[in-house]
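I opened this notebook to record what I looked up in a structure that was new to me. The entries follow the order in which I checked things.

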Amino acid sequence: MAKKHNESSELADLIRRSIICGELKPRERLTEMALAEKYNVSRTPVREALKHLEALGLVTLERYKGATVADIDLDEIREMHIVRADLEGLAAFLAAPRLSDEELILMDTYQREMELAVQAKDIQLFSEYNELFHNLYYRGSGNRFLYDSIQNILKLSWHTPCTSWRGLGDVPLTMRGHQRILAALKDRDAERARVMAEQHLLDALNIHDRAFDPENGLLAFSRTW
């Protein structure tokens with residue numbers, strides 16, 4: 001039973017990633033047979049995975065019609081990122097006095113690697129180091145419940161992620177946001193770290209508002225913020 005559960009959980013994560021990366025589009029049909037063939041599994045874990053994704057709001061299951069990728073809900077995205085801004089601000093506040101000098105040096109390294117990735121126009125590398133940068137102070141908060149809450153919101157991030165530099169929006173603004181967060185953490189200024197982390201997410205939300213295309217429902221917006 002545990003093996004089947006692990007299989008369906010791993011499959012749910014693979015499908016979730018396909019939705020997040022834009023490989024699977026809103027309202028696209030998801031057939032159990034096609035997914036089973038694609039991932040080389042039986043239909044049972046596919047069925048369980050789709051139920052899990054329905055609970056996350058990423059998939060819609062209708063009787064007699066089957067599964068489809070859920071529509072993007074702009075209001076839901078806004079609500080999600082306002083909450084995330086608050087949580088990330090709290091994480092930075094708690095992390096400021098707790099992060100070791102070695103961890104701050106590591107964050108500095110991640111920041112420099114992002115700068116190099118921008119120069120090399122390597123969006124995948126940028127996204128990887130961006131995630132490492134943020135995760136370090138999420139974990140540095142020392143609050144597991146807070147960390148898990150942020151990660152759960154990230155899992156629900158079903159807007160189009162960054163697959164192009166255009167998708168990132170204002171890259172210099174994003175980089176300045178990182179620099180401000182890191183500077184506040186280095187100064188051990190908890191309140192300023194909170195404000196800078198919150199503003200970083202709110203800047204992304206403003207970019208989201210400007211980037212939404214009402215014609216096709218797509219967003220030039222990314223979870224890499």
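The entries below go from the whole chain to the sheet, then to helix pairs and single residues.

**Entry: the model and the chain**

I note at the start that this is a predicted model. I looked up the secondary structure and found 10 helices and 3 strands in the chain. Reading from the N terminus, I wrote the order down as α-β-α-α-β-β-α-α-α-α-α-α-α.

Next I checked burial: of the 225 residues in the chain, 44% are buried. The accessible surface is about 12200 Å². Carbon and sulfur atoms account for 51% of that surface.

I also looked at how far apart in sequence the contacting residues are. Taking contacts between residues at least 6 apart, 74% of them join residues at least 24 apart.

**Entry: the sheet**

In what order do the strands of the sheet lie? I found an open sheet of 3 strands, ordered β1-β3-β2, with antiparallel pairing. I marked β1 (29–30) and β2 as the edge strands, since each pairs on one side only.

I then went through the pairing of β2 and β3. Strand β2 covers residues 59–62 and strand β3 covers residues 66–69. They pair in the antiparallel sense over 4 bridges. I noted two facing positions: Val-59 stands opposite Val-69, and Leu-61 stands opposite Ala-67.

β2 and β3 make a hairpin, with 3 residues between the strands. In the turn I found Tyr-64, which has a positive phi of about 75°.

I also looked for a helix on this sheet. Helix α3, residues 43–55, lies across β1, β2 and β3. Its direction is at about 115° to β2.

**Entry: two partners of helix α5**

Before turning to the helix pairs I wrote down what to look up. Two packed helices are described by the angle between their axes and the distance between the axes.

I started with helix α5 (residues 101–120) and helix α9 (residues 171–186). Their axes come within 11 Å and cross at roughly 170°. Angles over 145 degrees count as roughly antiparallel, so α5 is roughly antiparallel to α9. I recorded the crossing of α5 and α9 as left-handed. On the α5 side the contact includes Leu-104, Met-107, Gln-111, Met-114 and Val-118. On the α9 side it includes Val-171, Met-175, His-178, Leu-182 and Lys-186.

The second pair I looked up was α5 with helix α6 (residues 123–140). Here the axes come within 9 Å and cross at roughly 160°. α5 and α6 are therefore roughly antiparallel to each other. The crossing of α5 and α6 is left-handed. From α5, the contact residues include Leu-106, Met-107, Tyr-110, Gln-111, Met-114 and Val-118. From α6, they include Leu-125, Phe-126, Tyr-129, Phe-133 and Tyr-137.

I listed Met-107 of α5 for the contact with α9 and again for the contact with α6.

**Entry: positive phi outside glycine**

Where is Arg-27 found? I located Arg-27 in the loop between α1 (2–20) and β1. Arg-27 is not a glycine, yet its phi is positive at about 75°. Its relative accessible area is 62%, so I put Arg-27 down as exposed.

I made a similar note for Asn-40, which sits in the loop between α2 (32–39) and α3. Asn-40 is not a glycine either, and its positive phi is about 55°. Asn-40 counts as exposed because its relative accessibility is 71%.

**Entry: far in sequence**

How many residues apart in sequence are Asp-101 and Lys-186? I read off 85 residues in sequence, and 8.3 Å in space from C-alpha to C-alpha. Asp-101 is in helix α5. Asp-101 has a relative accessible area of 51%, so it is exposed. Lys-186 appeared earlier among the α9 residues in the contact with α5.

Last, I looked up Leu-202, which lies in helix α10 (residues 190–211). Leu-202 and Ile-82 are 120 residues apart in sequence, with 7.2 Å between their C-alpha atoms. Is Leu-202 exposed or partly exposed? Its relative accessibility is 32%, so I entered Leu-202 as partly exposed.

Technical notes. Residues are numbered from 1 along each chain as its sequence is written. This is a predicted model: local features need pLDDT of at least 70, side-chain atom pairs count only at pLDDT 80 or more; totals for chains, interfaces and linings use all residues. Side-chain values use heavy atoms; hydrogens and water are left out. Buried means under 20% relative accessible area, exposed over 50%, partly exposed in between (1.4 Å probe, protein chains only). Contact means heavy atoms within 4.5 Å. Accessible areas come from the Shrake-Rupley method with a 1.4 Å probe; for residues, only the protein chains shown count as cover. Two strands pair if DSSP finds at least two bridges between them. Axes are lines fitted to C-alpha atoms, for helices over the stretch in contact, and angles run from 0 to 180 degrees between N-to-C directions. Angles under 35 degrees count as roughly parallel, over 145 as roughly antiparallel, 65 to 115 as roughly perpendicular and the rest as oblique. A crossing is left-handed if the near helix is turned anticlockwise from the far one by less than a right angle, and right-handed if clockwise.
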